[in-house]
Amino acid sequence: MAASNQRRTRRYSTYGNVAYQLQPERDDPRRAVQRPGRDSQRGGKPRVQPRATPVSRPQVEVRPQGAVAPFAIVGFLAVAACALLLVMTSARLAVVRDETVELRTALTELQDEARSLRAQYEMAFDLAEIERQMTADGSMVKANPSQTVYLDLSERDNVVYYEAAQEGIVGLIRRTEEFLAGLLA
């Protein structure tokens with residue numbers, strides 16, 4: 001029974017590698033040399049392992065580097081220019097949005113101030129109070145329904161020029177310059 005257990009065991013050998021190769025006991029060439037009697041029982045010469053031929057890599061021809069296409073350079077420059085313009089316009093858009101928010105805030109404040117000033121103005125010039133004061137001292141008399149009131153429109157219309165306004169082409173050019181300066185600022 002000890003002999004049958006020895007036949008069933010397998011030997012593991014590394015042959016300089018970390019992977020184990022499973023070999024049955026009868027195929028081991030070292031054992032065949034050590035025990036010539038067993039080979040004679042099987043019928044002959046010890047088996048010779050065939051030599052492994054080294055694997056050579058196929059020779060690959062490398063293509064020489066070609067010239068860079070001018071369209072590729074123009075394309076890369078166009079993409080870079082578009083990216084630069086995109087960054088610049090997005091920065092300008094952010095500045096414009098910021099200014100818009102500030103201007104809307106200022107507009108809201110000015111509208112509130114205009115409402116309060118209009119209320120003060122209307123309170124200062126109360127027409128009923130003015131009429132009462134003028135009729136009380138006698139400088140103004142209220143017309144009766146039977147009286148006829150005439151309005152004299154025989155005079156010519158008058159135009160008042162302000163000091164800042166100038167006449168002719170010089171004034172037109174100056175106003176155009178002020179308008180354009182206001183747009184660009």
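A residue counts as buried when its relative accessible area is under 20%. By that cut-off, helix α6 is hardly covered, with a buried count of 1 among its 17 residues. Keep in mind that this is a predicted model; its mean pLDDT is 77, and 71% of the residues reach 70 or more. Here's a quick tour of confidence, helix α6, the nonpolar patch and the salt bridges.

**Confidence**
- The stretch to watch is residues 32-40, where pLDDT stays under 50.
- For residues 32-40 the model has 6 contacts beyond four places in sequence.
- Where pLDDT is low, don't read the predicted coordinates in detail.

**Helix α6**
- α6 runs over residues 168-184 and spans 25 Å from its first C-alpha to its last.
- That's close to the 24 Å expected at 1.5 Å a residue.
- α6 also hosts a salt bridge between E178 and R174, with the closest N and O atoms 3.2 Å apart.
- E178 and R174 sit 4 residues apart in α6, so about one helical turn separates them.
- Both partners are partly exposed: E178 has 45% relative accessibility, and R174 has a relative accessible area of 31%.

**Nonpolar patch and helix α5**
- Y121, F125, L127, I130, M134 and M140 together make a nonpolar surface patch of about 610 Å².
- The biggest giver is helix α5 (residues 127-137), which puts 3 residues into the patch.
- I130 belongs to helix α5 and is partly exposed, at 35% relative accessible area.
- Patch members need over 30% relative accessible area, so I130 clears that bar with its 35%.
- Helix α5 carries a salt bridge too: E129 pairs with R132, and their closest N and O atoms are 2.3 Å apart.
- Those two α5 residues, E129 and R132, are 3 residues apart, about one turn of the helix.
- E129 comes out partly exposed at 31% relative accessible area, and R132 is likewise partly exposed at 48% relative accessibility.

**Salt bridges and helix α4**
- The structure holds 3 salt bridges.
- Besides the pairs in α6 and α5, the side chains of D112 and R115 meet in a salt bridge, at 2.7 Å from N to O.
- D112 and R115 lie in helix α4 (residues 70-124), and because they are 3 residues apart there, about one helical turn separates them.
- D112 counts as partly exposed, at 42% relative accessibility.

Methods. Residues numbered from 1 in each chain as written. Predicted model: local features only at pLDDT ≥ 70, side-chain atom pairs only at ≥ 80, totals over all residues. Heavy atoms only, no water. pLDDT = per-residue confidence, 0-100. Contact = heavy atoms within 4.5 Å. Expected span 1.5 Å × (residues − 1). Buried < 20%, exposed > 50% of the residue type's maximum accessible area, 1.4 Å probe, protein only. Patch = residues over 30% accessible without salt bridge, like charges linked within 9 Å, V, L, I, M, F, W, Y side chains within 5 Å. Areas by Shrake-Rupley, 256 points an atom, 1.4 Å probe, with all protein chains shown as cover. Salt bridge = Lys/Arg side-chain N within 4 Å of Asp/Glu carboxyl O.
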